[in-house]
Amino acid sequence: MGEHMDEYAVPLDVRFHDIDGQGHLNSAVYHSYAEHARWCHLRSLGVLPEDLRAGGVGPVLLESAIRFRREVRAGQTLQVTVAYEWGEPHRRTFVLRQAFLFEDGAVAAEMESVCGLLDLNARKLITDPRGYLAGLSPAAHDAFDGGAR
């Protein structure tokens, strides 16, 4: 199994327009919440979307699976966590593990995604996404590469 980094969490209030016909959080919205949490985490490390674009790189979601554990309704607050799992050095992909937690810590859902960084010119995954992200800011270096190599 790969190396893990500490978990990051961001609170999100469940909005009424995110609710489906059954009165609970629409399954597609989990992806939006997860992406929001991922970008909040990168921003907290000083990594901005424009930094990635300027380098000709963009994040890509290659696969995802969500396990729904408890019903989520409008007006509730979720903590959406982000944790990276890195594989072998210079592996092109990495795993993001995210949890959707109620305020009491109960798990509403869990999401596992396989991601990479796409070279926007060559249209291929870059070889070392961990190293690339670690090179974008001192905080990203500490978070993604601190003692890993």
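Val29 is buried in this predicted model, with a relative accessible area of 13%. The residue belongs to helix H1, and its C-alpha atom is separated by 30 Å from that of Thr127, which lies 98 residues away along the chain. Helix H1 recurs below, both as a packing partner of helix H4 and as the source of the largest share of the lining of the largest pocket. The structure as a whole contains six salt bridges, and three of the residues concerned, Arg67, Arg69 and Glu110, are linked in a network.

**Helix H1 and Val29**

- Helix H1 spans residues 27–44, and Val29 is found within this helix.
- The relative accessible area of Val29 is 13%; because buried means under 20%, this residue is classed as buried.
- Between Val29 and Thr127 the C-alpha separation is 30 Å, for a sequence separation of 98 residues.

**Salt-bridge network around Glu110**

- Arg67 and Glu110 form a salt bridge through their side chains, with an N to O distance of 3.8 Å.
- This pair joins distant parts of the chain, since Arg67 sits in strand E3 (residues 57–68) and Glu110 in strand E6 (residues 107–119), 43 residues apart.
- Glu110 also forms a salt bridge with Arg69, for which the closest N and O atoms are 2.8 Å apart.
- That second pair likewise links distant parts of the chain: Glu110 is in strand E6, Arg69 is in the loop between E3 and strand E4 (77–86), and their positions lie 41 residues apart in the numbering.
- Taken together, Arg67, Arg69 and Glu110 make up a network of salt bridges.
- Each member of the network is partly exposed: the relative accessible area is 33% for Arg67, 25% for Glu110 and 48% for Arg69.
- The value for Arg69 is 48%; as exposed requires over 50%, Arg69 is therefore counted as partly exposed.

**Salt bridge between strands E4 and E5**

- Glu85 and Arg97 form a salt bridge in which the closest N and O atoms are 2.9 Å apart.
- The two residues are 12 positions apart, with Glu85 in strand E4 and Arg97 in strand E5 (residues 93–102), and the pair is classed as linking distant parts of the chain.
- Glu85 is buried, with a relative accessible area of 9%, whereas Arg97 is partly exposed, with a value of 27%.

**Helix H4 and its two sides**

- Helix H4 covers residues 138–145, and Ala140, Phe144 and Asp145 are buried in it.
- Viewed down the axis of H4, the buried residues fall within an arc of 85°, so they line one face of the helix.
- Pro138 and Asp142 are exposed on the other side of H4.
- The buried residues of H4 pack against helix H1 (27–44), strand E4 and helix H3 (129–134).

**Largest pocket**

- The largest pocket holds about 240 Å³ of space.
- Its lining comprises 15 residues, and those nearest the centre are Arg38, Pro59, Val60, Leu96 and Cys115.
- H1, E3, E5 and E6 are the elements that contribute two or more residues to this lining.
- Helix H1 supplies the largest share of the lining, namely four residues.
- By residue class, the lining divides into 12 nonpolar, one polar and two charged residues.

**Asp119 in strand E6**

- Asp119 is located in strand E6 and is partly exposed, with a relative accessible area of 26%.
- Asp119 and Pro59 are 60 residues apart in sequence, with their C-alpha atoms 9.1 Å apart in space.
- Pro59 is also among the residues nearest the centre of the largest pocket.
- When neighbours within four places in sequence are set aside, Asp119 is in contact with Gly56, Lys124 and Ile126.

**Backbone at Arg123**

- Arg123 lies in the loop between E6 and strand E7 (124–125).
- The phi angle of Arg123 is near 60°, a positive value in a residue other than glycine.
- Arg123 is exposed, with a relative accessible area of 54%.

How values were computed: Residues are numbered from 1 along each chain as its sequence is written. This is a predicted model: local features need pLDDT of at least 70, side-chain atom pairs count only at pLDDT 80 or more; totals for chains, interfaces and linings use all residues. Side-chain values use heavy atoms; hydrogens and water are left out. A salt bridge is a side-chain nitrogen of Lys or Arg within 4 Å of a carboxyl oxygen of Asp or Glu. Buried means under 20% relative accessible area, exposed over 50%, partly exposed in between (1.4 Å probe, protein chains only). The arc is that of the directions from the helix axis to the C-beta atoms. Contact means heavy atoms within 4.5 Å. On a 1 Å grid over the protein atoms alone, a cavity is a set of points where a 1.4 Å probe fits but cannot get out, and a pocket is an open set with protein on both sides within 12 Å along at least five of seven lines; lining residues have an atom within 4 Å of a point. Grid points are joined across faces, edges and corners, and a volume is the space filled by probe spheres set on the points. Ala, Val, Leu, Ile, Met, Phe, Trp, Tyr, Cys and Pro count as nonpolar, Asp, Glu, Lys and Arg as charged, and the others, Gly among them, as polar.
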